[in-house]
Amino acid sequence: MEQVTPFLLVLSLALVAPGLFAGKCNLTGSWINDLGSNMTIWPIDKEGNFNGIYYTAVKDTPNDPKRSPLLGSQQPSEYPTFGFTVNWTFTDSVTVFTGQCFVDEDGKEILKTMWLLRSHENSIKDDWKATRVGYNNFTRIK
Ligand SMILES: *[C@@H]1O[C@H](CO)[C@@H](O)[C@H](O)[C@H]1NC(C)=O
Ligand SMILES: *[C@@H]1O[C@H](CO)[C@@H](O)[C@H](O)[C@H]1NC(C)=O
Ligand SMILES: *[C@@H]1O[C@H](CO)[C@@H](O)[C@H](O)[C@H]1NC(C)=O
Ligand SMILES: *[C@@H]1O[C@H](CO)[C@@H](O)[C@H](O)[C@H]1NC(C)=O
């Protein structure tokens, strides 16, 4: 009996452990954030690089959401860290995002991100006000 119990423990761990990783995060697909902006990430290549499209919906930009390309990389992991750049097509600004894909308590994938938005300034004297920072959560669009 004393020898059987550890065996059963190991067996039950082996059966349960894959369940812990059942909610693997995959960046590929469409995502929407808390501001109503969305993005679509195309399949990730062998090196971890990816392309996509970002539609911003924030008020600081023209009324209808505009489509801009994004380009990024991720680490190979079940819950990957990633970064990408958005080259805004309607203004001479650039945003870089960095984040990680998690699975929340409800089993839903969530991208936790932070970003820096670099605006174009006409003079180095205005450099101090050129960069904005923010946070966004993205959830998958089914
Ligand atoms: C992620 O999803 C895409 C599209 O559904 C699929 O082609 C790819 O194999 C998936 N990657 C992993 C690591 O599961
Ligand atoms: C993203 O937003 C644009 C503009 O509102 C919309 O046309 C597009 O269908 C949205 N994409 C997805 C995957 O929901
Ligand atoms: C970046 O955006 C500009 C327009 O502001 C466009 O001319 C250029 O082709 C874009 N670059 C890429 C790599 O999409
Ligand atoms: C992002 O999600 C976290 C929970 O994971 C929540 O506490 C936070 O308020 C959310 N932030 C935004 C900007 O929605």
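These are my notebook entries on the strands, salt bridges and ligand 3 of this model.

**Entry 1: getting my bearings**

I began by reminding myself that this is a predicted model. I then looked up the secondary structure and found one helix and eight strands. Reading from the N terminus, I get the order α-β-β-β-β-β-β-β-β. I also checked burial across the protein: of its 142 residues, 29% are buried.

**Entry 2: strand E5 and its two faces**

I picked strand E5, residues 81-87, as my way in. Which side chains of E5 are buried, and which are not? I found that Phe82, Phe84 and Val86 point to one face and are buried. Thr81, Gly83, Thr85 and Asn87 point to the other face, and these are not buried. I noted the general pattern beside this: side chains in a regular strand alternate between the two faces of the sheet.

**Entry 3: what E5 pairs with**

Next I looked up the partners of E5. Strand E4, residues 66-74, pairs with E5 in the antiparallel sense, and I count five bridges for that pair. The two strands form a hairpin, with six residues between them. For a landmark I wrote down Leu70, which stands opposite Val86 in E5. Val86 is one of the buried side chains I listed for E5.

E5 also pairs with strand E6, residues 94-103, again in the antiparallel sense and over seven bridges. Here too I found a hairpin, with six residues joining E5 to E6. Which residues of E6 stand across from Phe82 and Thr85? Phe82 stands opposite Gly99, and the bridge partner of Thr85 is Val96.

**Entry 4: on to E7**

I followed the chain from E6 to strand E7, residues 109-118. How many bridges join E6 to E7? I found ten, and the two strands run antiparallel. One pair I marked on my printout is Cys101, whose bridge partner in E7 is Leu111. The hairpin of E6 and E7 has five residues between the strands. I made a note of Gly107 in that hairpin, as it takes a positive phi near 80°.

**Entry 5: salt bridges**

I then looked for charged pairs and found three salt bridges in the structure. As a general point, side chains of opposite charge can pair when their charged atoms come close.

The one I wrote up in detail is between Arg140 and Glu109, at 2.6 Å from N to O. This pair links distant parts of the chain: Arg140 sits in strand E8 (residues 131-140) and Glu109 in strand E7, 31 residues apart. Is Glu109 buried or exposed? Its relative accessibility is 19%, and the cut-off for buried is under 20%, so Glu109 counts as buried. Arg140 has a relative accessible area of 23%, which makes this residue partly exposed.

The second pair is Asp127 with Arg118, at 2.8 Å from N to O. I looked up both accessibilities: Asp127 is partly exposed at 37%, and Arg118 is partly exposed at 37%.

The third pair is Lys129 with Glu121, whose closest N and O atoms are 3.3 Å apart. Lys129 has a relative accessibility of 41% and counts as partly exposed.

**Entry 6: ligand 3**

Last, I turned to ligand 3. Which residues are around it? I listed Pro69, Asn87, Trp88 and Thr89. Sorting the shell by class gave me two nonpolar residues, two polar ones and no charged ones.

I looked for polar atoms of the protein beside the ligand's oxygens. An oxygen atom of ligand 3 is 2.4 Å from an N or O atom in the side chain of Asn87. An oxygen atom of ligand 3 is also 3.5 Å from a polar backbone atom of Trp88. How much of the ligand does the protein bury? Taken alone, ligand 3 exposes 360 Å², and the protein buries 33% of that.

Asn87 brought me back to where I started, as this residue lies in strand E5. Asn87 points to the face of E5 whose side chains are not buried. With a relative accessible area of 43%, Asn87 is partly exposed. I also checked Asn87 against Arg67: the two are 20 residues apart along the chain, and 9.8 Å separates their C-alpha atoms.

Definitions and conventions
Residues are numbered from 1 along each chain as its sequence is written. Chains are lettered from A and ligands numbered from 1 in the order in which they are written. This is a predicted model: local features need pLDDT of at least 70, side-chain atom pairs count only at pLDDT 80 or more; totals for chains, interfaces and linings use all residues. Side-chain values use heavy atoms; hydrogens and water are left out. A residue is near a molecule or strand if one of its heavy atoms lies within 4 Å of it. A polar contact is a pair of N or O atoms within 3.5 Å; within protein, one must be able to donate a hydrogen and the other to accept it, and residues adjacent in sequence count only if both atoms are side-chain atoms. Accessible areas come from the Shrake-Rupley method with a 1.4 Å probe; for residues, only the protein chains shown count as cover. Ala, Val, Leu, Ile, Met, Phe, Trp, Tyr, Cys and Pro count as nonpolar, Asp, Glu, Lys and Arg as charged, and the others, Gly among them, as polar. Two strands pair if DSSP finds at least two bridges between them. Helices (H or I, at least four residues) and strands (E, at least two) are DSSP runs, numbered from the N terminus. A salt bridge is a side-chain nitrogen of Lys or Arg within 4 Å of a carboxyl oxygen of Asp or Glu. Buried means under 20% relative accessible area, exposed over 50%, partly exposed in between (1.4 Å probe, protein chains only).
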